[in-house]
Amino acid sequence: MNAQGERWILHADMDAFYASIEQRDHPELRGKPVIVGAQSKRGVVAAASYEARTFGVRSAMPGFRARELCPDGVYLPSNIEHYAAVSAQVHEVFLSFTPEIEPIALDEAFLDITGSLRLLGEPQKLAADLKRAVRDATALNVSVGLGPNKLVAKLACTLGKPDGLLVVERPGVRSFVDPLPIRRLWGVGPVLGAKLASLGIETFRDLSSYDPALLASQLGERAHELQRLARGEDERPVQAYREPKSYGEENTFETDVSDRTRVTGALTAHSEAVARRLRHDDYAGRTVTVKAKLSRARGRREARDSSASTEPYYPLVTRSRTLREATNDGAVIRNVAVELWDEAKLAEPVRLLGVSLSNLESGGGAQLELFKQPKTKLGRTLDAITERFGEHAISRAVERSEKLTPGRTKKRGT
Ligand SMILES: [Mg+2]
């Protein structure tokens, strides 16, 4: 919130992103209907230039349908690596306006600019500056919408396209959203849309002014939330990417373990896995922590609330050491972990063992400098998107093993 207690959210969406990149890079394609994706019979359109859209081609449309509508279009394979690199450039521009960025896709993000306004000027000016900065950096157009929340900002962005800049101030929210067709509302797909239409609800205004009790009897629990959204109310925060604070691996044993060979085996495996993930993300860390959960349940946990009182309680022991230099070398981490284990001299078997590295530095270990593949912001942006939207969000994610399997942790800052 700023001094006036107002929040300002900016939604940025690159215009026909993949197709625009192809037209930028290949001037002979400018002015032509360019369709990216839809290479195979079963493929779908990833992006369509505005020229292609005049034929009715849309993204996510099956390729055969696009070819029916636009047989003379230029159909190009998707070069996702290249688009991702441009996306990282755009992200870099966004970062010069605010650190509070939530990427939604390679071509789309929410920015909370509340804290930037005092420094960078009024919303309208900031938005114009941002558009210009994106164009200067990439020669591409971005549409932006601004509003007091995500919902309004996104709607403003969509309605302003292409090359849009639409600012909706809080007092104008109702008159802005009221006449919009209800299918523009988040969460209203074909099924819910048909249901609402059967109730005579065609616009945001129809929905927000509908009798709440009657609507609840038709739609159940979500009626209340839908009506809030239809009034243009939306409290969801922009969830900015945070740098990780630690990387950890742990496992719970089938049977409790005290044998040193099995313990060091687990510590070695965890250390190597942590090191691999650090190298993948181009981090190194200075603090090695070993944690162990003891096998013997201790009575009952001190009850802070009634539910906790029934849980058996296994004490957690942690030992840490901070190294002089950051490392992402599995053998180094492993040796420290084993020393920490030996020094702890635990008097009973353990049921869980874990190794983590914190005190992270980006850029990897110095000793690996020669062999290092530097990981750019691009990589981190891709990772952030992948983590949020799953392995299929971008094809590059296929090579990545960063799935949240049980026992793997990546702790982030707040
Ligand atoms: Mg877009």
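A residue is called buried here if 20 or more other C-beta atoms lie within 10 Å of its own. With that cut-off in hand, the predicted model can be explored one helix at a time.

Helix α4 is a good place to start. This helix runs over residues 80-95, 16 residues in total, and spans 22 Å from its first C-alpha to its last, close to the 22 Å expected at 1.5 Å a residue. Its buried residues are Tyr83, Val86, Ser87, Val90, His91 and Phe94. These residues lie on the same side of α4, because they cover an arc of only 150° around the axis. A general feature of helices helps in reading such a pattern: an α-helix has 3.6 residues a turn, so residues three or four places apart point the same way.

Helix α4 also meets helix α1, which is formed by residues 17-25. The two axes come within 10 Å and cross at roughly 95°, so α1 and α4 are roughly perpendicular to each other. On the α1 side, the contact is made by Phe17, Tyr18 and Ile21; on the α4 side, His82, Tyr83 and Val86 take part. Sorted by class, this contact has five nonpolar residues, one polar residue and no charged residues. Tyr83 and Val86 thus appear both among the buried residues of α4 and in the contact with α1.

Further along the chain, serine 116 sits in the loop between β6 (108-112) and α5 (117-120). Serine 116 counts as buried because it has 21 C-beta neighbours inside 10 Å. Leaving aside residues up to four places away in sequence, serine 116 touches Phe97, Thr98 and Leu126. Serine 96 is 20 residues from serine 116 in sequence, and their C-alpha atoms are 9.9 Å apart in space.

Note on methods
Residues are numbered from 1 along each chain as its sequence is written. This is a predicted model: local features need pLDDT of at least 70, side-chain atom pairs count only at pLDDT 80 or more; totals for chains, interfaces and linings use all residues. Helices (H or I, at least four residues) and strands (E, at least two) are DSSP runs, numbered from the N terminus. The expected span of a helix is 1.5 Å times one less than its number of residues. A residue is buried if 20 or more other C-beta atoms lie within 10 Å of its own, exposed if 12 or fewer, and partly exposed in between; C-beta atoms are placed from the backbone. The arc is that of the directions from the helix axis to the C-beta atoms. Axes are lines fitted to C-alpha atoms, for helices over the stretch in contact, and angles run from 0 to 180 degrees between N-to-C directions. Angles under 35 degrees count as roughly parallel, over 145 as roughly antiparallel, 65 to 115 as roughly perpendicular and the rest as oblique. Two residues are in contact if their C-beta atoms, placed from the backbone, lie within 7 Å. Ala, Val, Leu, Ile, Met, Phe, Trp, Tyr, Cys and Pro count as nonpolar, Asp, Glu, Lys and Arg as charged, and the others, Gly among them, as polar.
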